[in-house]
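Me: I am new to this structure and would like a close look at a single part of it. Please take the time to connect the details with one another as you go.

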Amino acid sequence: LQCDPSYVLSGDNQICLPEILFCMTYDNTTTYQNTEAICSECEGSYFLNSNPHECLPKIPNCTEHYVSSDPKEVFCDTCDTEFIQSNNFMKCLAKIQNCDAYYQPSLDTDIALCEFCELNYELQAEQTLCVPGVAFCFQLARYEPLLGYLACEVCEEGYVLSDDNRVCFNIIPNCDFYGLSNYLINSIACD
């Protein structure tokens, strides 16, 4: 028996059943008594909805989907570890490393924005990046993406700035000149 296009042969080779769109592999247990084909594996960008058997589009970066019944819509229950759910559960948005809380209205868009960074991290103006802060810094410099770190322009009172502007060291009483210093050194010396 040979089936017309858009039909597939039942597992017992007795009848032709309507094909399931985007189904890659069919269950071979169907018989002449079945009225629908059973899909066992969907094409790569689709997932198998169990009742009825149909292949629905996957949400990118979603590990666990669920489907509402009326109207039928696909939602993401769980995103990959490097992603967060959108407010409507229909997208997975890229997480911002070291972000503690997201700006909720941004979760309705394609790009999540950070509202607050984790402790010791500073939020950049675009709200898409949390960079390590400089402890005891009074005035931070603008973040330079090419440098990859946040620099300090002025330290708080009682602290002196390192030569690379990445650390504020405790001042040394009665010291007028300091030795070379950078973020790799744990302390500063008086020259």
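Is Cys99 buried or exposed, and what is its relative accessible area? Please start there and then describe the surroundings.

Reply: Please keep in mind throughout that this is a predicted model. Cys99 is buried, because its relative accessible area is 11%, which falls under the 20% limit for that class.

Cys99 belongs to the largest nonpolar core, a group of 10 residues that also takes in Ile84, Leu93, Ile96, Tyr102, Leu107, Ala112, Cys114, Cys117 and Cys130. Two strands each supply at least two residues of this core, namely strand S11, which covers 99-102, and strand S12, which covers 114-117. Apart from this core lies another one, made of nine residues, with Ile20, Cys23, Cys39 and Cys42 among them.

Within the largest core, Cys99 is joined by a disulfide to Cys114, with 2.2 Å from sulfur to sulfur. The link between Cys99 and Cys114 is right-handed, with 100° about the S-S bond. Since Cys99 sits in strand S11 and Cys114 in strand S12, this pair ties together parts of the chain that are 15 residues apart in sequence. Its partner Cys114 counts as buried, because its relative accessibility is 0%.

A second disulfide in this core is formed by Cys117 and Cys130, whose sulfur atoms are 2.0 Å apart. In this case the value about the S-S bond is -85°, and the link of Cys117 and Cys130 is left-handed. Cys117 lies in strand S12 and Cys130 in strand S14, so this pair ties together parts that are 13 residues apart in sequence. Cys117 and Cys130 are both buried, and for Cys130 the relative accessibility is 6%.

Cys130 is worth following a little further. Its strand, S14, spans residues 130-132. Leaving aside residues up to four places away in sequence, Cys130 touches Ile96, Gln97, Asn98, Cys99, Cys114, Cys117, Tyr121, Glu122 and Leu123, so that list includes both Cys99 and Cys114 of the disulfide described before. One of these contacts, Asn98, is 32 residues from Cys130 in sequence, yet the two C-alpha atoms are 5.9 Å apart in space.

Leu93 is another member of the core, and its contacts, again without residues up to four places away in sequence, are Glu82, Phe83, Ile84, Ser86, Ser106, Leu107, Thr109, Asp110, Ile111 and Ala112.

For the wider setting, a search of the whole structure finds 10 disulfides. One of them joins Cys175 to Cys190, with 2.1 Å from S to S. The torsion about the S-S bond of Cys175 and Cys190 is about 105°, so this disulfide is right-handed. Both Cys175 and Cys190 are in the segment after S18, where they are 15 residues apart. Cys175 counts as buried at 11% relative accessibility, whereas Cys190 is partly exposed, with a relative accessible area of 39%.

The segment after strand S18 (168-170) also holds Tyr183, which is partly exposed at 41% relative accessibility. Together with Leu184 and Ile185, Tyr183 forms a nonpolar patch on the surface, and the three have about 300 Å² of accessible area together.

Methods:
Residues are numbered from 1 along each chain as its sequence is written. This is a predicted model: local features need pLDDT of at least 70, side-chain atom pairs count only at pLDDT 80 or more; totals for chains, interfaces and linings use all residues. Side-chain values use heavy atoms; hydrogens and water are left out. A nonpolar core is a set of buried Ala, Val, Leu, Ile, Met, Phe, Trp, Tyr and Cys residues joined through side-chain atoms within 4.5 Å. Buried means under 20% relative accessible area, exposed over 50%, partly exposed in between (1.4 Å probe, protein chains only). Helices (H or I, at least four residues) and strands (E, at least two) are DSSP runs, numbered from the N terminus. Contact means heavy atoms within 4.5 Å. Patches are made of residues with over 30% relative accessible area and no salt bridge: like charges are joined within 9 Å, nonpolar side chains (Val, Leu, Ile, Met, Phe, Trp, Tyr) within 5 Å. Accessible areas come from the Shrake-Rupley method with a 1.4 Å probe; for residues, only the protein chains shown count as cover. A salt bridge is a side-chain nitrogen of Lys or Arg within 4 Å of a carboxyl oxygen of Asp or Glu. A disulfide is a pair of cysteine sulfur atoms within 2.5 Å.
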